[in-house]
Amino acid sequence: VVMLLASMFLPQTAAGNMIANSMISLICAMQMETFKMFIGQPITTTVSTGNLRKLVEFMYQGVLEHDKEKRETAVIYLIVVLAFIAGALIGTLITNTYQLYSAIVPAVLLMLGFLEISRIRYLNN
């Protein structure tokens with residue numbers, strides 16, 4: 001969250017952009033490492049090609065083999081892929097509208113996620 005917010009204040013120069021890109025890349029790597037599972041299935045949250053491949057694979061197997069469990073797994077991947085697409089579209093609209101300050105939106109979302117995960121862990125202890 002701090003790195004996202006800090007990236008907004010870097011100068012709009014080649015060096016500033018390189019630092020901002022490095023910070024965002026680190027954030028993406030941390031997100032990819034932290035959020036690896038969704039409803040018991042391995043996923044990637046920062047790219048969607050692997051999720052799309054698994055969606056098609058499980059749907060094909062589910063239909064071809066008449067396997068309800070594989071079709072249900074395909075639905076999980078469909079949710080993940082659609083969420084990725086929705087996030088990309090919303091992110092594009094926010095970036096086009098707020099430009100440099102659009103980093104506030106994912107920072108707030110990450111903070112809300114952090115607070116929710118912390119709340120759940122606190123309640124489970």
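Ile-39 is exposed in this predicted model, with a relative accessible area of 58%. Its position is the loop that joins β1 and β2. Although Ile-39 is not a glycine, its phi is positive, at about 50°. Most residues other than glycine have a negative phi.

A second residue with a positive phi is Gln-99, where the angle is near 45° and the residue is again not glycine. Gln-99 sits in the loop between α4 and α5, just after the end of α4. With a relative accessible area of 57%, Gln-99 counts as exposed because that value is over the 50% cut-off.

The helix that precedes Gln-99 is α4, which covers residues 68–98 and has 31 residues. From its first C-alpha to its last, α4 reaches 44 Å, close to the 45 Å expected at 1.5 Å a residue. The N-terminal end of α4 is capped by Asp-67. In this cap, a side-chain oxygen of Asp-67 lies 3.0 Å from the backbone nitrogen of Glu-69.

The buried residues of α4 are Thr-73, Ala-74, Ile-76, Tyr-77, Val-80, Val-81 and Ile-94. The elements that cover them include the strands β1 (37–38) and β2 (41–42), along with the helices α3 (49–64) and α5 (104–124). Two residues, one in β2 and one in α3, show some of this covering in detail.

The residue in strand β2 is Gln-41. Its relative accessible area is 18%, so Gln-41 counts as buried under the 20% cut-off. Leaving aside neighbours within four places in sequence, Gln-41 is in contact with Lys-36 and with Thr-73, Ile-76 and Tyr-77. Thr-73, Ile-76 and Tyr-77 are among the buried residues of α4.

The residue in helix α3 is Asn-51. Asn-51 is buried, at 3% relative accessibility. Its side chain makes a polar contact with the backbone oxygen of Thr-44, at 2.7 Å. Not counting residues up to four places away in sequence, Asn-51 touches Ile-43 and Thr-44, as well as Tyr-77, Val-80 and Val-81. Tyr-77, Val-80 and Val-81 also belong to the buried set of α4. Tyr-77 is thus a contact of Gln-41 and of Asn-51.

Definitions and conventions. Residues numbered from 1 in each chain as written. Predicted model: local features only at pLDDT ≥ 70, side-chain atom pairs only at ≥ 80, totals over all residues. Heavy atoms only, no water. Helix = DSSP H or I, 4+ residues; strand = E, 2+ residues; numbered from the N terminus. Expected span 1.5 Å × (residues − 1). Buried < 20%, exposed > 50% of the residue type's maximum accessible area, 1.4 Å probe, protein only. Contact = heavy atoms within 4.5 Å. Polar contact = N/O pair within 3.5 Å; in protein donor to acceptor, adjacent residues only side chain to side chain.
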